[in-house]
Amino acid sequence: MKPVGVIGIGRYLPDHVMTNHDIQAMGLDTSDEWIRERTGIEERRIAAVGQATSDLAYHASVQALESAGITADDLDLIIVATSTPDYFLFPSTACIVQHRLGCTRPIPAFDMSAACTGFNYALSAGAQYVASGAAKKVLVVAADLLSKFLDWTDRSTCILFGDGAGAVVLGEVDPGLGIIASDLFSRGELAEILYAKEGGSRNPISMDNPTRPLVSMEGRAVFKVAVNTVVPAVESVLAANQIAVSDVKLLVFHQANLRIIDAACERLGFTPDQVVITLPKYGNTSASSIPIALCEAVSEGRLSRGDLVVLVGFGAGFTWGVTLLRWSC
Ligand code: ACO
């Protein structure tokens, strides 16, 4: 198997900033103080009217391709991790991104559905193609536009989410660098603690049921399950690879709630300087939160070639995943 790693990275956040005060001004019974204290979120980015998930994915992908020094025609595969595709049935958002990038070769392109763990899942799938020799360069994009699927009268969910996209290019890297382990998990019996009940084949939209899919969540249950699943998963991947917590340069958690990240880091023994936090600025951008945070860390000069990085995702399904890698850019 060939060593596989990140050879380019990019991110995109829509221009429009929505602060906690803006949400309160919409007439919701909430406050900046409550949202900051319970979640760590101060503001989030909201996509423009008419902007779709592929538009966010496109901008992040252009940056990732530039950073890898390649063009779209150098790609052999595109995977888009998203829960908010451009089109509800088909085609996949990955096909839209392929066309938008100007990719003239008929390479495979598909979407991956693993909610906020989508980046870990898509990274793992893309890496297998490169490791086996089935592909040389793979674009993995995570993009979500949840603002269009929120109940803006439900103060317990609408305050949490923002829109965004992050992308990486995977390729063969020098031995000793790149992805070391990629552990993925799911527990389907917990599906309904975080889901969108309406609009799928279980409860289709019809003349009798004219509702649309909206995020519904048991916040406390999600909080507990998240901490109780990711902590042992991180411990296990570090132990299996004989890596101490102090050896890890950066821990990039899915940015759902600062209290979840704090609780998990405390149990694992990570120090604040090892942890990347973007929640105050962007809120929870679902699958894209990990690559966005990783990209910010890179642009801030917090990562050097060879540094150990742990990416921790969790989300609806219930799914979770831990990716351990040595930075290869
Ligand atoms: N403003 C003011 N009050 C609020 C708000 C708000 N925005 N939201 C809820 N409340 C109220 C509730 O109505 C409740 O009032 P009551 O006591 O009168 O009934 C009170 O605050 C406490 O509500 P809880 O839900 O118990 O509050 P909690 O401290 O658990 O915080 C939160 C809620 C922030 C949602 C928290 O549970 C959480 O973050 N859970 C994890 C959510 C998460 O991570 N989701 C995404 C993960 S996966 C993915 O990314 C898709």
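## A ligand between two domains

A polar side-chain atom of Arg259 sits 3.3 Å from an oxygen atom of the ligand, and that is a good place to begin a walk through this predicted model. The protein covers 76% of the 1,000 Å² of accessible area that the ligand has on its own.

Two other side chains are worth displaying alongside Arg259. In His254, an N or O atom of the side chain is 2.7 Å from an oxygen atom of the ligand. In Thr30, the partner is a nitrogen atom of the ligand, and the distance to an N or O atom of the side chain is 2.7 Å.

Now let us widen the view to the whole shell. There are 23 residues around the ligand, and those that come nearest are Arg38, Cys116, Arg220, Asn257 and Asn284. If you sort the shell by class, you will find ten nonpolar, eight polar and five charged residues. The space that the ligand takes up is the second largest pocket.

Where does this shell come from? Domain 1 (4–175) and domain 2 (179–326) both contribute residues to it, so the ligand lies between them. Among the elements that each supply at least two shell residues are helix H2 (32–39) and helix H7 (258–268). Helix H6 (219–240) also belongs to that group, and H6 gives the most, with four residues.

Before you leave the model, have a look at some backbone geometry. Most peptide bonds are trans, and most residues other than glycine have a negative phi. Against that background, a few places in the loops deserve a visit.

The peptide bond from Phe90 to Pro91 is cis, with omega near 5°. You will find Pro91 in the loop that runs between strand S4 (77–81) and helix H4 (93–100). Another cis peptide bond leads from Gly317 to Phe318, and here omega is near -5°. Phe318 has its place in the loop between strand S12 (308–315) and strand S13 (319–326).

Finally, which sign does phi take in Ala115? The value is positive, near 50°, in a residue other than glycine. Ala115 is part of the loop between strand S5 (109–112) and helix H5 (118–132).

Key
Residues are numbered from 1 along each chain as its sequence is written. This is a predicted model: local features need pLDDT of at least 70, side-chain atom pairs count only at pLDDT 80 or more; totals for chains, interfaces and linings use all residues. Side-chain values use heavy atoms; hydrogens and water are left out. A residue is near a molecule or strand if one of its heavy atoms lies within 4 Å of it. A polar contact is a pair of N or O atoms within 3.5 Å; within protein, one must be able to donate a hydrogen and the other to accept it, and residues adjacent in sequence count only if both atoms are side-chain atoms. Accessible areas come from the Shrake-Rupley method with a 1.4 Å probe; for residues, only the protein chains shown count as cover. On a 1 Å grid over the protein atoms alone, a cavity is a set of points where a 1.4 Å probe fits but cannot get out, and a pocket is an open set with protein on both sides within 12 Å along at least five of seven lines; lining residues have an atom within 4 Å of a point. A molecule sits in a cavity or pocket if more than half of its atoms lie within 2 Å of its grid points. Ala, Val, Leu, Ile, Met, Phe, Trp, Tyr, Cys and Pro count as nonpolar, Asp, Glu, Lys and Arg as charged, and the others, Gly among them, as polar. Domain bounds come from an automatic or database domain assignment.
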